[in-house]
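The following exercises concern one protein chain. Each task is followed by a solution that proceeds in steps.

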Amino acid sequence: MSVPARCAALLAVGAIALAATGCGDTVIDSAKAEGAIKSNLEKSLHEKITAVECPSDQKVEAGKTFTCTVNFSHAKQETATLKILNKDADVSLVGLKPNK
């Protein structure tokens with residue numbers, strides 16, 4: 001994939017639904033995050049993604065980053081880095097790199 005195409009893939013994912021945990025912490029809804037990442041990357045990269053796996057216990061803390069694993073249909077796996085933009089769980093995809 002060319003560098004401009006990869007840069008185009010680094011789009012804002014948008015608001016990801018929040019989920020409250022029993023301890024009162026607010027966490028990212030991992031299922032919704034996975035769906036949003038899959039949809040955005042398929043549209044921007046024009047590649048089929050078979051799965052996205054994000055942590056299920058990611059606390060919403062503005063400025064923090066977290067990673068998700070992205071599996072492409074041709075057996076390629078990459079790591080997506082997302083940054084939490086605010087307390088409303090708006091996130092931005094800030095990095096996508098191949099796993100070694």
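**Exercise 1. Determine how many disulfides the model contains, and characterise the link.**

Step 1. The structure is a predicted model. The criterion is a pair of cysteine sulfur atoms within 2.5 Å. Applying this criterion gives a count of one disulfide.

Step 2. The partners are Cys 54 and Cys 68, with an S to S distance of 2.1 Å. This pair qualifies because 2.1 Å falls within the 2.5 Å cut-off.

Step 3. Cys 54 belongs to the loop between strand S4 (49-53) and strand S5 (65-72), whereas Cys 68 is part of S5 itself. The two cysteines are 14 residues apart, and the pair links distant parts of the chain.

Step 4. The torsion about the S-S bond is 115°, and the link is right-handed.

Step 5. To classify the environment, the cut-off for a buried residue is under 20% relative accessible area. Cys 54 counts as buried at 11%, and Cys 68 is buried as well, at 1%.

**Exercise 2. State which strands pair with S5, and describe the pairing.**

Step 1. Begin with the overall pattern. The protein has two helices and seven strands, arranged along the sequence as α-β-β-β-α-β-β-β-β.

Step 2. S4 and S5 run antiparallel and are joined by four bridges. In this pairing, Ile 49 is placed opposite Phe 72 of S5.

Step 3. S5 and S6 also run antiparallel, joined by seven bridges. Here Asn 71 is placed opposite Gln 77 of S6.

Step 4. Four residues separate S5 from S6 in a hairpin, and Ala 75 in its turn has a positive phi of about 65°.

**Exercise 3. Identify the residues that touch the most other members of the largest nonpolar core, and the elements that contribute to this core.**

Step 1. The core has 20 residues; those touching the most other members are Ile 28, Ile 37, Leu 41, Val 70 and Leu 82.

Step 2. Two or more residues come from each of helix H2 (30-45), S4, S5, strand S6 (77-84) and strand S7 (90-98).

Step 3. For the protein as a whole, 35% of the 100 residues are buried. About 5,500 Å² is exposed, of which carbon and sulfur atoms supply 52%.

**Exercise 4. Are His 46 and Ala 89, which both have a positive phi, buried or exposed?**

Step 1. Most residues other than glycine have a negative phi. His 46 nevertheless has a positive phi of about 60°, and the phi of Ala 89 is near 70°.

Step 2. His 46 is located in the loop between H2 and S4; Ala 89 is located in the loop between S6 and S7.

Step 3. His 46 is exposed because its relative accessible area of 69% lies over the 50% cut-off. Ala 89 is buried, with a value of 0%.

**Exercise 5. Establish where the prediction has low confidence.**

Step 1. The mean pLDDT of the protein is 81, and 76% of the residues reach 70 or more.

Step 2. By element, helix H1 (residues 3-8) has the lowest mean pLDDT, 43, and S4 has the highest, 97.

Step 3. Over residues 1-12 the pLDDT stays under 50, and the model gives this stretch 22 contacts beyond four places in sequence. Residues 17-21 are also below 50, with 15 contacts beyond near neighbours in sequence.

Definitions and conventions. Residues are numbered from 1 along each chain as its sequence is written. This is a predicted model: local features need pLDDT of at least 70, side-chain atom pairs count only at pLDDT 80 or more; totals for chains, interfaces and linings use all residues. Side-chain values use heavy atoms; hydrogens and water are left out. Buried means under 20% relative accessible area, exposed over 50%, partly exposed in between (1.4 Å probe, protein chains only). A nonpolar core is a set of buried Ala, Val, Leu, Ile, Met, Phe, Trp, Tyr and Cys residues joined through side-chain atoms within 4.5 Å. Two strands pair if DSSP finds at least two bridges between them. pLDDT is the predictor's confidence in each residue, from 0 to 100. Contact means heavy atoms within 4.5 Å. Accessible areas come from the Shrake-Rupley method with a 1.4 Å probe; for residues, only the protein chains shown count as cover.
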